[in-house]
Amino acid sequence: MTEPKVVMTDPKRPDYFYEEAIKTLRTNVQFAGTRIRTIVLTSCYPNEGKSDIVFQLAAEMGKIGKRILILDADIRKSSFVKRFQVKGKIAGLSQYLSGQCEMEDIIYNTNFTGVDMIFSGPVAPNPSELLGQETFTELLHGLRKKYDYVLIDTPPVANLIDAAVVAGRCDGAILVIESDLVSRKVAAKAKEQLEISGCRVLGAVLNKVDVRKNKYYSKYGYYGRTEGK
């Protein structure tokens with residue numbers, strides 16, 4: 001059966017430093033080892049730029065010949081359809097987990113090389129319960145066999161259990177932290193929550209660093225100015 005297709009429009013303007021930072025992140029993920037295939041990306045708070053990093057990392061991996069699936073597991077408040085200007089009626093994760101459609105109905109080919117997408121679907125009243133089902137675990141097992149990497153976008157971990165539920169079923173986790181927003185204490189608590197789930201924390205991404213104020217990051221290029229979730 002042919003997978004459905006969507007066109008995604010990347011709203012981010014070209015940015016050399018950001019692109020170099022994403023390439024560095026891609027390399028570091030690859031060095032984590034071949035057994036790390038399903039990776040959760042989460043943040044402490046909303047709007048730290050997590051979803052944009054998920055997408056850019058997927059696109060960068062696709063460019064080097066990897067087969068990548070982006071899985072939007074934020075079935076509380078997703079931004080992918082709106083942010084990337086996706087048109088048409090889209091079936092998603094919440095519908096699959098509630099038995100309304102099959103796996104092949106929710107995997108979309110995109111216009112980015114090597115990148116497929118599963119959207120979140122309609123907002124569900126019981127997200128953590130749906131994500132905690134064996135159905136979700138089985139979905140991840142199936143995707144792990146089909147793709148080199150499955151990058152999973154979740155709600156922020158500080159106030160919701162969803163990210164920890166998902167992380168407990170994955171090989172690794174990356175915490176996105178907005179510069180000058182998240183305290184050391186809050187970041188440490190988020191890291192602890194992921195570790196309690198049994199998931200290996202691969203590292204953190206410091207995002208939205210203002211290079212005009214921080215010449216260290218300006219020199220080495222580890223920064224990103226992103227918008228979105």
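**Close-up views of the model**

**View 1. Aspartate 180 is exposed, with 78% relative accessible area.** (Exposed means over 50% of that area, buried under 20%, and partly exposed in between, using a 1.4 Å probe and protein chains only.) This is a predicted model, where local features need pLDDT of at least 70 and side-chain atom pairs count only at pLDDT 80 or more, while totals for chains, interfaces and linings use all residues. Residues are numbered from 1 along each chain as its sequence is written, and side-chain values use heavy atoms, leaving out hydrogens and water. Look for aspartate 180 in the loop between strand S6 (172-178) and helix H9 (184-196); helices (H or I, at least four residues) and strands (E, at least two) are DSSP runs numbered from the N terminus. Its phi is positive, about 65 degrees, even though aspartate 180 is not a glycine. Most residues other than glycine have a negative phi.

**View 2. Glutamine 85 and glycine 88 share the loop between H3 and H4.** H3 covers 80-83 and H4 covers 93-97. Glutamine 85 is another non-glycine residue with a positive phi, near 55 degrees. At 42% relative accessibility, glutamine 85 is partly exposed, while glycine 88 is exposed at 64%. Now hop along the chain: glycine 88 and valine 6 are 82 residues apart in sequence, yet their C-alpha atoms are separated by 8.4 Å.

**View 3. Helices H1 and H2 pack at an angle of about 70 degrees.** H1 runs over residues 16-31 and H2 over residues 50-63, with the two axes 9 Å apart. (Axes are lines fitted to C-alpha atoms, for helices over the stretch in contact, and angles run from 0 to 180 degrees between N-to-C directions.) The two helices are therefore roughly perpendicular, a label for angles of 65 to 115 degrees, with under 35 being roughly parallel, over 145 roughly antiparallel and the rest oblique. On the H1 side you'll find Tyr18, Ile22, Lys23, Leu25, Arg26 and Val29, and they meet Asp52, Ile53, Gln56, Leu57, Glu60 and Met61 in H2. (Contact means heavy atoms within 4.5 Å.) Sort these contact residues by type and you get seven nonpolar, one polar and four charged.

**View 4. Glutamate 60 is buried in helix H2.** Its relative accessible area is 9%. Leaving aside residues up to four places away in sequence, glutamate 60 touches Ile22, Lys23 and Arg26. You've just met those names in View 3, on the H1 side.

**View 5. Threonine 42 in strand S1 is buried.** S1 spans residues 38-43, and threonine 42 has a relative accessible area of 0%. Its side chain makes a polar contact of 3.2 Å with the side chain of threonine 154. (That's a pair of N or O atoms within 3.5 Å; within protein, one must be able to donate a hydrogen and the other to accept it, and residues adjacent in sequence count only if both atoms are side-chain atoms.) Not counting residues up to four places away in sequence, threonine 42 also touches others, including Lys50, Pro155, Ile174 and Leu194.

**View 6. The structure holds zero disulfides.** A disulfide is a covalent bond between the sulfur atoms of two cysteines, and here it takes two cysteine sulfurs within 2.5 Å. The closest cysteine sulfur to that of cysteine 44 sits in cysteine 199, and at 15 Å it is too far for a bond. For cysteine 199, the nearest cysteine sulfur is that of cysteine 170, 6.2 Å away. Cysteine 44 is buried at 0% relative accessible area, and cysteine 199 is buried at 5%.

Methods:
Ala, Val, Leu, Ile, Met, Phe, Trp, Tyr, Cys and Pro count as nonpolar, Asp, Glu, Lys and Arg as charged, and the others, Gly among them, as polar.
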